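Subject: Handing over the structure

Hello,

Here is the structure I promised to pass on to you. Please open it alongside this email, and then read on for what turned up in it.

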Amino acid sequence: MRALLHRLLRRLRGFLRRRSDDRALPTTSAPTEATPPLAASDALARRALLGGAAAAAAGLVVLGRQDQAEASSTGVSASGPAERRHRWGMAIDLDRCTACGSCTIACREENNVPVLGPGDGNEGARPEWMSLLWQEGESTGSLPEVLPYPCQHCDDAPCTKVCPVGATFQDSEGIVAQIYDRCIGCRYCMVACPYSRRSFNWSEPEWDGNLAQLLNPDVATRPKGVVEKCTFCHHRVQRKKEEAAMAGRTPTDEELRRLPACASACPATAITFGDINDPNSEVSRQGQSPRAFRLLEHLGTKPAVVYLKRDRRS
């Protein structure tokens with residue numbers, strides 16, 4: 001059927017090409033006669049051919065829609081295997097976390113987060129992408145409760161709904177991103193975020209001496225007057241996807257688990273990153289644990305960060 005439709009279309013193109021050649025002006029200066037009108041048989045043949053071409057085009061449209069329907073059901077497109085849509089997420093096991101702070105330091109180094117001094121004027125003004133929330137133990141001698149605290153990258157993020165200029169948005173893979181050049185510093189997103197995971201740059205970032213040579217060239221520094229936040233180290237994710245694409249494959253779960261800076265620096269492997277749309281990924285498996293919970297889940301923001309409750313007795 002498909003071959004027949006293509007043959008009909010080729011015949012139509014050949015017919016139209018011949019008609020255009022017949023009607024072309026001659027190159028000589030000799031007088032020419034007017035092109036005679038089409039005979040009745042030629043007109044009928046042309047109508048039949050055009051009708052067949054229209055039917056062929058309609059058939060191709062139907063076949064194309066059938067192919068799209070089959071691709072959506074099987075996950076394979078006509079041009080080759082279809083890439084599954086990723087949804088990046090993170091699982092943090094509080095039972096493994098030792099409160100060493102390596103994740104916060106690695107995050108600052110990787111993403112060029114400026115370090116402000118200990119002065120009182122800097123209280124509450126320090127940009128932070130990854131924080132540690134502390135809560136002292138309930139009993140004497142017990143370990144404190146520590147919560148690594150990145151951006152939650154909500155599936156229904158309130159911050160993206162209030163930005164008047166579209167500076168913050170959710171990309172196709174679920175990461176809530178920020179366009180610094182578009183941000184006007186109104187801080188509506190900071191007010192809307194129920195997790196307070198956004199920081200405002202009150203001053204121009206500064207790095208003393210040779211510290212400027214340690215900046216990561218893959219991450220842009222943010223100017224004064226804009227809001228910044230955790231990005232799940234999107235530049236690392238993008239690089240890994242490009243490397244895998246060059247090899248004709250997709251990133252494996254093993255390559256993704258410790259990909260962000262916070263996860264790669266954690267000595268206790270308490271932080272796991274991956275594709276939560278992949279039911280076989282480690283982050284999805286941990287999300288199904290009976291210890292799993294999400295922060296402020298009753299608000300309906302659908303955060304992509306899952307925590308595993310502590311199971312230690314101390």
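Below is a walk through the findings, from the overall make-up to single residues.

Please keep in mind that this is a predicted model. The protein has 314 residues, and 39% of them count as buried. Its secondary structure consists of nine helices and 12 strands. If we take the contacts between residues at least 6 apart in sequence, 63% of them join residues at least 24 apart. The accessible surface is about 18800 Å², with 53% of that belonging to carbon and sulfur atoms.

The core

I would start with the largest nonpolar core, which has 45 residues. Trp88, Met90, Ile92, Phe232, Ile271, Phe273 and Tyr307 are the residues with the most contacts inside this core. At least two core residues come from each of E3, helix H3 (102-111), strand E5 (145-149), helix H8 (261-265), E10 and strand E12 (305-308). Ile92 gives a good view of how these parts meet. Apart from neighbours within four places in sequence, Ile92 is in contact with Pro148, Pro150, Ala270, Ile271, Val305, Val306, Tyr307 and Leu308.

The aromatic rings

Two numbers help here: a pair of aromatic rings is described by the distance of the centres and the angle of the planes. The whole structure yields four aromatic pairs. In one of them, Trp88 and Phe273, the ring centres are 5.6 Å apart and the planes stand at 25 degrees, so this pair is stacked. Trp88 belongs to strand E3 (residues 88-93) and Phe273 to strand E10 (residues 271-275), so the pair ties together parts that are 185 residues apart in sequence. Both Trp88 and Phe273 are buried.

Phe273 also pairs with Phe232: their centres are 5.4 Å apart and their planes are at 75 degrees, so this pair is edge-to-face. Because Phe232 sits in the loop between strand E9 (227-228) and helix H6 (234-246) while Phe273 is in strand E10, the pair ties together parts that are 41 residues apart in sequence. Phe232 is buried, as is Phe273. Through these ring pairs, Trp88, Phe232 and Phe273 are linked into a cluster.

Charges over rings

You may also like two places where an arginine lies over a ring. Arg187 lies over the face of Phe200, at 4.8 Å from the ring centre. Arg222 does so with Tyr180, at 5.8 Å from the ring centre.

Salt bridges

In general, side chains of opposite charge can pair when their charged atoms come close. This structure holds 14 salt bridges. Among them is the one between Lys241 and Glu173, whose closest N and O atoms are 2.6 Å apart. Lys241 lies in helix H6 and Glu173 in the loop between strand E6 (168-170) and strand E7 (176-178), so the pair ties together parts that are 68 residues apart in sequence. Lys241 is partly exposed, with a relative accessible area of 22%, whereas Glu173 counts as buried at 10% relative accessibility.

Arg222, met above over a ring, also forms a salt bridge with Glu228, at 3.1 Å from N to O. Are these two residues buried or exposed? Glu228 is buried, with a relative accessible area of 0%, and Arg222 is buried too, at 3%.

Within helix H6, Glu243 and Lys240 are three residues apart, about one turn of the helix. They form a salt bridge in which the closest N and O atoms are 3.5 Å apart. Glu243 is partly exposed, with a relative accessible area of 43%. Elsewhere, Asp93, Arg96 and Arg291 are linked in a network of salt bridges.

Backbone angles

One last topic is phi, since most residues other than glycine have a negative phi. Which residues that are not glycine have a positive phi here? Cys233 is one of them, with a phi of about 50 degrees, and Lys302 is another, with a value near 55 degrees. Cys233 is in the loop between E9 and H6 and counts as buried at 6% relative accessibility. Lys302 is in the loop between strand E11 (292-293) and E12 and is exposed, with a relative accessible area of 54%.

Best wishes, and happy browsing!

Conventions. Residues are numbered from 1 along each chain as its sequence is written. This is a predicted model: local features need pLDDT of at least 70, side-chain atom pairs count only at pLDDT 80 or more; totals for chains, interfaces and linings use all residues. Side-chain values use heavy atoms; hydrogens and water are left out. Rings of Phe, Tyr and Trp (its six-membered ring) pair if their centres lie within 6.5 Å; planes under 30 degrees apart count as stacked, over 60 as edge-to-face and the rest as tilted. Helices (H or I, at least four residues) and strands (E, at least two) are DSSP runs, numbered from the N terminus. Buried means under 20% relative accessible area, exposed over 50%, partly exposed in between (1.4 Å probe, protein chains only). A charge sits over a ring if NZ of Lys or CZ of Arg is within 6 Å of the ring centre and within 35 degrees of the ring normal. Contact means heavy atoms within 4.5 Å. Accessible areas come from the Shrake-Rupley method with a 1.4 Å probe; for residues, only the protein chains shown count as cover. A nonpolar core is a set of buried Ala, Val, Leu, Ile, Met, Phe, Trp, Tyr and Cys residues joined through side-chain atoms within 4.5 Å. A salt bridge is a side-chain nitrogen of Lys or Arg within 4 Å of a carboxyl oxygen of Asp or Glu.
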